[in-house]
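Let's work through some exercises together, one step at a time. Keep the sequence and the 3D view open while you read.

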Amino acid sequence: MGAGTEPSEAQNDAAEGRVYLDYNATTPLAPEVAQAVRDALHQAWGNPSSSHPAGRKAKEVVGSARESLARMVGGRPEDIVFTSGGTEANNMVIHTACRHFHESQARPGDSRGMPHIVTSSVEHDSVRLPVEQLVKESLAEATFVAVSPRSGRVEVDDVLAAVRPTTCLVSIMLANNETGVIMPVADLSQHIRVLNQRRATEGLPRILVHTDAAQMIGKGRVDVQELGVDYLTIVGHKFYGPRIGALYARGPGTTTPLHPMLFGGGQERSFRPGTENTPMIAGLGQAAELVSKNWEAYESHMRDVRDYLEAKLEASFGKQRIHLNSHFTGSKRLCNTCNFSILGPGLQGSSCLTTALSWCPQSQAPAPHNTLWLETGRGLAVSWAGWCPSESAWALGDLCLCAAGQRVLSRCRTLLASVGAACHSEKGDRPSSILLSCGIPYDVAQNALRLSVGRDTTRADVDLVVQDLVLAVGQLDQDQAL
């Protein structure tokens, strides 16, 4: 098939009667992107480091993709370093900031203490966990600035108040993956630029500024000149590209420090060695081209569908049963994200406990009574034993609490969505820590669903999804009444 003619996975789901609304977790490859990957597999298979024609062709493809990514974020091609994904890019920035802190000391033997990192309480785990690990190993200190319950965002004054003489990095995401709230990164960068001028006269280390733009790219304007950041993380699979990524660094190795975490053949100017994944890089470049040309149309369409979804939810359930968790006073949010909780008798006070393992050895079938109801409003996990009549023996099982949002999704026959970040899906027995950090009450956060629309989502899709949710919640209400 030619470019633009191959159906996406989301379109295939629609053909099977399912509607995918989990685009903040991942997106399907755009047809043009899939074609670019295929073309590179067949036509640019050479090693980009080789000097013969096959190598030069691959090098041209990599260079073209680098230009496309730079154009998408308003930087220069030499500012783009390809990585395996957003996790690697974020770790590289944190590693660089700590190393630069130590290397920038005035004289050998001088000691300013440990580097200090400021970030927010709602960052992705690929920022939070590396920072926590450094703290655990006594290699850095950190401040996790809480978001404002009123605005759902980290406030500039709170970040500045957390800065210490030893602060070397401020890392604040551009938009939150669960609430969709857009953070004031440009304003923050401007204040830190002024602060750095004063710190330079005092002999204090420069504060580097990083933003993880994974959720914002393809859904709104992203320009590194306007943002004023030193680093920006790019994640391909969030904007219909392949599962690789890139890091923007403002003048890497010159204007802005950048230290490798890997050592090898010298690719990517030795910032990220390893033979380049040319086909995936080609796809990432094509995805960037689509964003550069169409982001305003994408944003307009997704906002229209998202707003229709929220209006439809309130009309179908009644405003008293819908709590919009991503609505905060004075804050802007992503055009595609709707985080909400459905309230009501079937979703309050009771949580379904189901066996992860309960087996009758003789009949080779699940043991009876594998579903229990427990009156609780909190997360719980227990082990249990039940009598298996056919074996005259006890069958062992593990029980886990399903949060109300998970129970709603388990009853849906059309909707494909999440209760929050996909990387936290194993924590489905507890409300989202992000929502709790934003001041959402525990019993409301426990019911949360995150629906994120895509470029091809229609109002008709929304109608099907809301109808599905109404039926699912109706079943849970009936179960509660029994």
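Before we start, here is how axes work: an axis is a line fitted to C-alpha atoms, for helices over the stretch in contact, and angles run from 0 to 180 degrees between N-to-C directions. Helices (H or I, at least four residues) and strands (E, at least two) are DSSP runs, numbered from the N terminus. This is a predicted model, in which local features need pLDDT of at least 70 and side-chain atom pairs count only at pLDDT 80 or more, while totals for chains, interfaces and linings use all residues. Residues are numbered from 1 along each chain as its sequence is written, and side-chain values use heavy atoms, with hydrogens and water left out.

**Exercise 1. Describe how helix α3 packs against helix α9.**

Step 1. Two packed helices are described by the angle between their axes and the distance between the axes. Find α3 at residues 53-73 and α9 at residues 278-317; their axes are 8 Å apart and the angle is about 30 degrees.

Step 2. That angle makes α3 roughly parallel to α9. The cut-offs are: under 35 degrees roughly parallel, over 145 roughly antiparallel, 65 to 115 roughly perpendicular, and the rest oblique.

Step 3. Now look at the handedness: α3 passes α9 in a left-handed crossing. A crossing is left-handed if the near helix is turned anticlockwise from the far one by less than a right angle, and right-handed if clockwise.

Step 4. List the residues in contact (heavy atoms within 4.5 Å). On the α3 side they include Ala58, Val61, Val62 and Ala65, and on the α9 side Ile281, Ala282, Leu284 and Gly285 are among them.

Step 5. Sort the contact residues of α3 with α9, and you get 11 nonpolar, 4 polar and 2 charged. Here Ala, Val, Leu, Ile, Met, Phe, Trp, Tyr, Cys and Pro count as nonpolar, Asp, Glu, Lys and Arg as charged, and the others, Gly among them, as polar.

**Exercise 2. Do the analysis for α2 and α9.**

Step 1. The axes of α2 and α9 come within 8 Å and cross at roughly 150 degrees. That makes α2 roughly antiparallel to α9.

Step 2. The crossing of α2 past α9 is right-handed.

Step 3. In the contact, α2 offers Glu32, Val33, Ala36, Val37, Ala40 and Leu41, while α9 contributes residues including Thr278, Pro279, Met280 and Ala282. The contact of α2 with α9 divides into 10 nonpolar residues, 3 polar and 1 charged.

**Exercise 3. Which residues pair with Asp22, Glu299 and Asp304 in salt bridges?**

Step 1. Side chains of opposite charge can pair when their charged atoms come close. A salt bridge is a side-chain nitrogen of Lys or Arg within 4 Å of a carboxyl oxygen of Asp or Glu. The whole structure holds 21 salt bridges.

Step 2. Asp22 pairs with Arg450, at 3.2 Å from N to O. This pair links distant parts of the chain, 428 residues apart: Asp22 sits in the loop between β1 (19-20) and α2 (31-43), and Arg450 in strand β18 (residues 448-452). Both Asp22 and Arg450 are buried; buried means under 20% relative accessible area, exposed over 50%, and partly exposed in between (1.4 Å probe, protein chains only).

Step 3. Glu299 pairs with Arg303, with the closest N and O atoms 3.8 Å apart. Glu299 and Arg303 are 4 residues apart in helix α9, so about one helical turn separates them. Arg303 is partly exposed, with a relative accessible area of 31%.

Step 4. Asp304 pairs with Arg459 at 3.0 Å, N to O. Here too the pair links distant parts of the chain: Asp304 is in helix α9 and Arg459 in helix α13 (residues 459-481), 155 residues apart. Asp304 is partly exposed at 35% relative accessible area, and Arg459 is partly exposed at 41%.

**Exercise 4. Is Glu268 buried or exposed, and what is its phi?**

Step 1. Most residues other than glycine have a negative phi, and most peptide bonds are trans.

Step 2. Glu268 is not a glycine, yet its phi is positive, about 50 degrees. Glu268 is found in the loop between β8 (245-249) and α9.

Step 3. With a relative accessibility of 7%, Glu268 counts as buried.
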